[in-house]
Amino acid sequence: NVILTTEHHVGKAPFADMTYTTMKDHPKLKVKGFQSASKHREKNSGGVAIHWRNTMTNVTIWEGQDLSGTNIEEIGLNRCWIKVNCEEGPVALCVVYMGTQTTRDENGEHNEKLFSILDKDCDLLKGKGIPAIIFGDFNGWIGDGQEGIEGNRKEVNLNGERLMQWCQRRGKHIVQRESRVTRGQRELSLIHISEPTRPLYI
């Protein structure tokens with residue numbers, strides 16, 4: 001199992017993910033030639049979506065652990081799952097949005113609860129022998145040390161610590177092949193762009 005945190009460029013890719021969406025029916029949620037699954041918080045407050053090509057008939061939407069009526073149901077809207085039936089068996093893909101890192105860590109409890117929801121989801125999948133690939137925006141800096149990424153920014157924030165601790169506990173790996181990415185004047189952490197170490201057979 002791997003964790004895949006990425007911003008996809010659609011191009012010829014079979015999948016694309018989106019975070020920071022603002023409305024359920026916003027036109028930017030629609031990508032020509034793609035179907036999508038999405039989760040939305042209150043209107044104008046954001047959500048997540050994952051797209052796959054119309055030609056792919058081996059994709060199904062999976063809701064994950066049923067959180068209906070619980071006090072974490074709203075937090076669960078920050079992740080969205082699909083299952084892909086591959087030649088080697090099914091694989092589950094999930095796009096996630098973690099709350100931003102603030103000085104006082106106001107989103108810390110929210111993010112910890114979201115990781116606990118991912119635990120529940122992954123436990124269900126593990127029980128069925130289905131590997132999980134998780135990607136999206138973790139708003140985490142994981143540094144360039146032994147647990148981080150070589151050549152990455154040196155700082156580690158609380159979101160980054162939570163991500164690394166979760167990966168270690170779940171036996172997952174942060175996958176990264178790009179050394180540095182820049183967009184205009186904004187330098188991005190290496191955590192923003194990743195690729196799996198082996199292709200998915202889809």
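## Exercises on cysteines, charges and a strand contact

With a relative accessibility of 29%, Arg153 counts as partly exposed. This value, like those below, is computed from a predicted model.

**Exercise 1.** Identify the salt-bridge partner of Arg153 and state whether that partner is buried, partly exposed or exposed.

*Solution.* Step 1: the side chain of Arg153 meets that of Glu155 in a salt bridge, with an N to O distance of 3.5 Å. Step 2: a salt bridge requires a side-chain nitrogen of Lys or Arg within 4 Å of a carboxyl oxygen of Asp or Glu, and therefore the pair qualifies. Step 3: Glu155 has a relative accessible area of 41% and is partly exposed.

**Exercise 2.** Determine how many disulfides the structure contains, and explain the result for Cys80 and Cys94.

*Solution.* Step 1: the search of the whole structure returns 0 disulfides. Step 2: the closest cysteine sulfur to that of Cys80 belongs to Cys94 and lies 7.2 Å away, which is too far for a bond. Step 3: the cut-off for a disulfide is a pair of cysteine sulfur atoms within 2.5 Å. Step 4: Cys94 is likewise in no disulfide, the sulfur of Cys80 being its nearest at 7.2 Å. Step 5: as to burial, Cys80 is buried at 2% relative accessibility, and Cys94 is buried at 0%.

**Exercise 3.** Describe the salt bridge of Glu112: its partner, the elements that are linked, and the accessibility of each residue.

*Solution.* Step 1: the partner is Arg162, with the closest N and O atoms 3.3 Å apart. Step 2: Glu112 belongs to helix α1 (residues 108-127) and Arg162 to helix α2 (residues 158-170); the two residues are 50 residues apart, and the pair links distant parts of the chain. Step 3: Glu112 is partly exposed, at 46% relative accessible area, whereas Arg162 is buried, at 12%.

**Exercise 4.** Analyse the salt bridge of Asp119 in the same way, and name the network to which Asp119 belongs.

*Solution.* Step 1: Asp119 pairs with Arg169, the closest N and O atoms being 3.0 Å apart. Step 2: this pair, too, connects distant parts of the chain, from Asp119 in helix α1 to Arg169 in helix α2, 50 residues apart. Step 3: Asp119 is buried, at 12% relative accessibility, while Arg169 is exposed, at 54% relative accessible area. Step 4: Asp119 and Arg169 are linked with Asp123 and Arg170 in a network of salt bridges. Step 5: in the whole structure, 10 salt bridges are found.

**Exercise 5.** Name the residues of the negative surface patch and locate Asp66 within the fold.

*Solution.* Step 1: the patch is formed by Glu42, Asp66, Glu73 and Glu74. Step 2: Asp66 is placed in the loop between β5 (59-62) and β6 (79-86). Step 3: Asp66 has a relative accessible area of 56%; exposed means over 50%, and so Asp66 is exposed.

**Exercise 6.** Establish where Ala132 lies, whether Ala132 is buried or exposed, and what separates its C-alpha atom from that of Ala92.

*Solution.* Step 1: Ala132 is part of strand β8 (residues 132-137). Step 2: its relative accessibility is 3%; because buried means under 20%, Ala132 is buried. Step 3: Ala132 and Ala92 are 40 residues apart along the chain, yet their C-alpha atoms are separated by 4.7 Å.

Terms used: Residues are numbered from 1 along each chain as its sequence is written. This is a predicted model: local features need pLDDT of at least 70, side-chain atom pairs count only at pLDDT 80 or more; totals for chains, interfaces and linings use all residues. Side-chain values use heavy atoms; hydrogens and water are left out. Buried means under 20% relative accessible area, exposed over 50%, partly exposed in between (1.4 Å probe, protein chains only). Patches are made of residues with over 30% relative accessible area and no salt bridge: like charges are joined within 9 Å, nonpolar side chains (Val, Leu, Ile, Met, Phe, Trp, Tyr) within 5 Å. Accessible areas come from the Shrake-Rupley method with a 1.4 Å probe; for residues, only the protein chains shown count as cover. Lys and Arg count as positive and Asp and Glu as negative; His and the chain ends are not counted. The place of a charge is taken as NZ of Lys, CZ of Arg, CG of Asp or CD of Glu. Helices (H or I, at least four residues) and strands (E, at least two) are DSSP runs, numbered from the N terminus.
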